[in-house]
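Thanks for sending this one over. Here are my notes, in the order I'd go through them with the model open on screen.

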Amino acid sequence: MRLLFILGEIGSGLRRNLSMVISVVLVTFVSLTFVGAAGMLQMQINQMKGYWYDKVQVAVFLCNEGSTAVGCASGAVTQEQQDNLQSMLESPAVKQYINDFQFESQAEAYKHFKEQFSNSPIVDSVSEDQLPASFRINMKNPEKYQIISETFSSQPGVETVSDQRQVLERIFSWMNGASVAAMGVAAVMIFCAVLLITTTIRLSAFSRRRETGIMRLVGASKAVIQLPFILEGVIAAVLGALLASTTLWLMAHFWLNGDLSRQFLNTPFISSTQVLVIAPVLIGLGGGLAGISSLLTLRRYLKV
């Protein structure tokens, strides 16, 4: 009987404040969607890091006729210098840090350049002799890049040593910034949701002040009186969290694993199954915030 009474009170409260409840659901939905999007972006960053960091290469660029680097004062790299660099790469001191390496000639570099910039007008303004030959090194641990840089930067015939991971770090830093921005917007929206939940509970408590007074007189416990109000806020917030979780799953399933994965075949996108991990967090966050804010509101505005 007590359970049926509580359920009846919850239904009555939801009907009386239907517009406010819908507002809570929508604001919670928007705010938790931003929270989930930030979480998805962070998962995507971590997945891309794990994928690309295993594929990044350290490039030892050799001097050519147009090089202006200090190490290229004597002109283009000679065959003797090139052989010396290859011997260093094959030596035990260096080999322990690398998986393998390939030599890329100027002709091969120009071919790859034309493939990468085939749709750009810049391709017509670059000639083969302007592009340097290089050794492309696959590291066992990309974090050990500095060892290769220090070993080869000062060698004769070397123009510069470049780590592709530095380019990726800049990209990931921008993505991390977007994740932080999403969390900032989510924090503002969550604050708005808490205010709406507080207002809804206050209105609900005010509209049922006569029933509450009667329950007090007949000896109803504090928990029985307060529980319907708390559950109203929790139910509205959980509905918003469920909508947010569904939206994020649809985004991952039809956009990330659909259109984007077909356009960017070499990019590992997170799966819709991975996104499901975020759903319990969003539901717990929404329900928890609603429950706490409802309880604090009742303590202030509902004297039992």
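The points below take the cavities, then the cysteines, then one helix.

1. Before anything else: this is a predicted model. Please read every value below as computed from it.

2. Let's start with the empty space inside. Rolling a probe the size of a water molecule over the atoms shows where empty space is left. Here that turns up three cavities of 30 Å³ or more. The largest has a volume of about 70 Å³, and the second largest comes to about 40 Å³.

3. What lines the largest cavity? Thr28, Ser31 and Leu32 are part of the lining, along with Ile190, Ala193, Val194 and Ile197, then Ala237, and finally Leu285, Gly286, Leu289 and Ala290. Three helices each put in at least two residues: H2 (18-52), H7 (164-207) and H11 (278-301). By class, this lining has nine nonpolar residues, three polar and no charged.

4. The second largest cavity has Val21 and Val24 in its lining, together with Ile197, Thr200 and Ile201, plus Glu232, Gly233 and Ala236. Elements giving two or more residues here are H2, H7 and helix H9 (222-263). The class split is five nonpolar, two polar and one charged. Worth a click in the viewer: Ile197 is listed in the linings of both the largest and the second largest cavity.

5. On to the cysteines. A disulfide is a covalent bond between the sulfur atoms of two cysteines. How many does a search of the whole structure find? The count is one, and the pair is Cys63 and Cys72, with S to S at 1.9 Å. The torsion about the S-S bond is -75 degrees, which makes the link left-handed.

6. Are the two bonded cysteines buried or exposed? Cys63 has 4% relative accessibility, so it counts as buried. Cys72 is likewise buried, with a relative accessible area of 4%. Cys192, on the other hand, is partly exposed at 32%.

7. Last, helix H3, which covers residues 79-90. Its 12 residues reach 17 Å from first C-alpha to last, close to the 16 Å expected at 1.5 Å a residue. The buried residues in H3 are Gln81, Gln82, Leu85, Met88 and Leu89. Why do they line one face of the helix? Because, seen down the axis of H3, the buried residues fall within an arc of 120 degrees. As background, an α-helix has 3.6 residues a turn, so residues three or four places apart point the same way. Turned away from the buried side of H3 are the exposed residues Gln79 and Glu80.

Note on methods. Residues numbered from 1 in each chain as written. Predicted model: local features only at pLDDT ≥ 70, side-chain atom pairs only at ≥ 80, totals over all residues. Heavy atoms only, no water. 1 Å grid on protein atoms, 1.4 Å probe; cavity = no way out; pocket = protein on both sides within 12 Å on 5 of 7 lines; lining within 4 Å. Points joined across faces, edges and corners; volume = space filled by probe spheres on them. Helix = DSSP H or I, 4+ residues; strand = E, 2+ residues; numbered from the N terminus. Nonpolar A, V, L, I, M, F, W, Y, C, P; charged D, E, K, R; others polar. Disulfide = S-S within 2.5 Å. Buried < 20%, exposed > 50% of the residue type's maximum accessible area, 1.4 Å probe, protein only. Expected span 1.5 Å × (residues − 1). Arc of directions from axis to C-beta.
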